[in-house]
Amino acid sequence: MSEDLFAEMTETLFEDKSILSEEYRPDVIVERDDEIDAYRSALKDVLFGRNPANVFIYGKTGVGKTAVTEHMMSALQTEVERRDAAEELHVHFRNCNDDSVYRTVRSLINSIRGDEGETFPETGLSTSHALETLYEEMEELGGTFLFILDEIDHLSDPDTLLYELPRARANGHLDAARVGVIGISNNYTFRSSLSPKVKDTLMEKELAFSPYDADELQSILTARAEKALVDGASEDSAIRLAAAKAAKDTGSARQAIDLLREGGDVAEEQGATAITDDHIEVAAARVQRGRVQDKLRDQTMHGQLILESLARIEASGDVPARSKEIQAVYERVARNWGHDPLTTLKSIQNHLADLTMLGFLERTEQNEGRAGGVHYRYELALDPEIILETRESIENQP
Ligand SMILES: Nc1ncnc2c1ncn2[C@@H]1O[C@H](COP(=O)(O)OP(=O)(O)OP(=O)(O)O)[C@@H](O)[C@H]1O
Ligand SMILES: [Mg+2]
């Protein structure tokens, strides 16, 4: 019997589901014409054998910074190959997530050397040695190098690298090679954390990517759906709804695409022949659930226990609740799971303040009259069911 388990699953709404995945690179970028124009003029010098400008791209997550950058790089490469005045172009991507300058430089060296080359040692050498090696590798090849440093704000010491690289030529380290740095970040405060001399160079050209509105997301989704889904497998209104939801929440194209893919899964589960508004609604609730669960898992155990306590209080209707009442339930909940509860009211109140700041709780102020002073009352800002469910699964993990 078990070998027939999948036998009836013959229908799919997806023509090519990978087109809705994170790895997919769209061959058309829509709704970013102004940004592409500005990007184009920032990179123009490359075509004429001049030093490339340094570019800094910022904008929230999912607004096309990486997609547009990759698109620009391949278009630039194509054009460079057509022109005699342009020097050979070498583009190297690096995600700086929690990276040191040494590791970043090392990875650029390895990327230039390619798979066949000897890898640069992970430790044992100084950062300046690594930089020197990088310059040597670049000199050997010559031409124009563009280093794209994604999530540049995660670099442990951005000043050093961002000061050194753009000046390598002026400082006599490079002669045959030219270098431009493209920094990408979704942290708007990153700029002000840099030293003034770095700011001046890296920020030569700054490009801000704003969140997408519903219309823009709709055209991004429509273009994607056309390739990813079987003909007629999505209602226009469903795409509009997914776009509207993502626009209202974050303005992220990634979120909109995820919603459509999840909507497709829901539609398939229900045996439908097209994705409808209802499927998108179910998908949105699922995604929201997943997000809350992830956020909850990131909290400390006591933070979680306090949230669980509030969920239990809410089930009996006694919200908003005061910290003392929460503490009483919390002690029971903690012991129930076999944890030692925190003993002071103050520590519970600190957790409550943190959880409020993180958006888990809503706090109301209650004036108790002359003698009583001001008290806070708390209740959950989200569905208690999700909390209880997630807590169960965390506690029951092997
Ligand atoms: N203008 C666009 N046209 C087509 N697809 C787009 C566009 N903008 C974004 N996308 C798609 O949306 C998804 C997210 O975009 P991207 O990865 O470029 O965002 P990002 O700004 O780099 O986000 P993060 O800061 O999280 O890295 C990708 O699948 C990308 O292909
Ligand atoms: Mg990106």
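1. The lining of the largest pocket in this predicted model is a mixed one: its residues divide into 15 nonpolar, 8 polar and 12 charged. The pocket holds about 800 Å³ of space and has 35 lining residues. If you want a place to start looking, Tyr24, Pro26, Gly64, Ala67 and Arg224 are the ones nearest its centre.

2. Where does the largest pocket lie with respect to the domains? Domain 1 (2-19 + 212-296) and domain 2 (32-209) both contribute residues to the lining, so the pocket lies between them. The elements giving two or more residues to that lining are H2, strand S4 (177-185), H8 and helix H10 (253-269). H2 supplies the largest share, with 5 residues.

3. A UniProt annotation is worth having open beside this pocket. The unreviewed entry marks Val63, Gly64, Lys65, Thr66, Ala67, Tyr212 and Arg224 as "binding site". Of these residues, the lining of the largest pocket includes Val63, Gly64, Lys65, Thr66, Ala67, Tyr212 and Arg224.

4. Two of the annotated residues make a useful pair to look at. Thr66 sits in helix H2 (residues 65-82) and is partly exposed, with a relative accessible area of 32%. Arg224 belongs to helix H8 (residues 214-228) and counts as buried, at 12% relative accessibility. Leaving aside residues up to four places away in sequence, Arg224 touches Ile19, Leu20, Tyr24, Pro26 and Ile257. Among these, Tyr24 and Pro26 are also listed with Arg224 as lying nearest the centre of the largest pocket.

5. Now to the second largest pocket, which contains about 280 Å³ of space. Its lining is made by Glu8, Met9, Thr10, Glu11, Thr12, Leu13, Ala267, Glu268, Gly271, Ala272 and Thr273. These residues divide into 4 nonpolar, 4 polar and 3 charged.

6. Stepping back to the whole chain, the division is into domain 1 (2-19 + 212-296), domain 2 (32-209) and domain 3 (299-395). The C-alpha centres of domain 1 and domain 3 are 35 Å apart. Across this pair, 5 residues of domain 1 are in contact with 12 residues of domain 3.

7. Lys245 deserves a glance too. This residue is in helix H9 (residues 236-249) and, at 28% relative accessibility, counts as partly exposed. Lys245 touches Leu259, Ile280, Glu281 and Ala284, again not counting residues up to four places away in sequence. From Lys245 to Thr356 there are 111 residues in sequence and 25 Å in space, C-alpha to C-alpha.

8. Finally, some backbone details to check by eye. Most residues other than glycine have a negative phi, and most peptide bonds are trans. Which peptide bond is cis? The bond from Val319 to Pro320 is, with omega near -5 degrees; Pro320 lies in the loop between helix H12 (301-315) and strand S6 (321-322). Glu31 is not a glycine, yet has a positive phi of about 65 degrees. Glu31 is found in the segment before helix H1 (33-43) and is partly exposed at 34% relative accessibility. Glu151 likewise has a positive phi, of about 50 degrees, without being a glycine. Glu151 is placed in the loop between strand S3 (143-150) and helix H5 (158-167), and its relative accessible area of 27% makes Glu151 partly exposed.

Notes
Residues are numbered from 1 along each chain as its sequence is written. Chains are lettered from A and ligands numbered from 1 in the order in which they are written. This is a predicted model: local features need pLDDT of at least 70, side-chain atom pairs count only at pLDDT 80 or more; totals for chains, interfaces and linings use all residues. Side-chain values use heavy atoms; hydrogens and water are left out. UniProt positions are given in the numbering used here, feature names are shortened, and annotations may be inferred rather than shown by experiment. On a 1 Å grid over the protein atoms alone, a cavity is a set of points where a 1.4 Å probe fits but cannot get out, and a pocket is an open set with protein on both sides within 12 Å along at least five of seven lines; lining residues have an atom within 4 Å of a point. Helices (H or I, at least four residues) and strands (E, at least two) are DSSP runs, numbered from the N terminus. Buried means under 20% relative accessible area, exposed over 50%, partly exposed in between (1.4 Å probe, protein chains only). Contact means heavy atoms within 4.5 Å. Grid points are joined across faces, edges and corners, and a volume is the space filled by probe spheres set on the points. Ala, Val, Leu, Ile, Met, Phe, Trp, Tyr, Cys and Pro count as nonpolar, Asp, Glu, Lys and Arg as charged, and the others, Gly among them, as polar. Domain bounds come from an automatic or database domain assignment.
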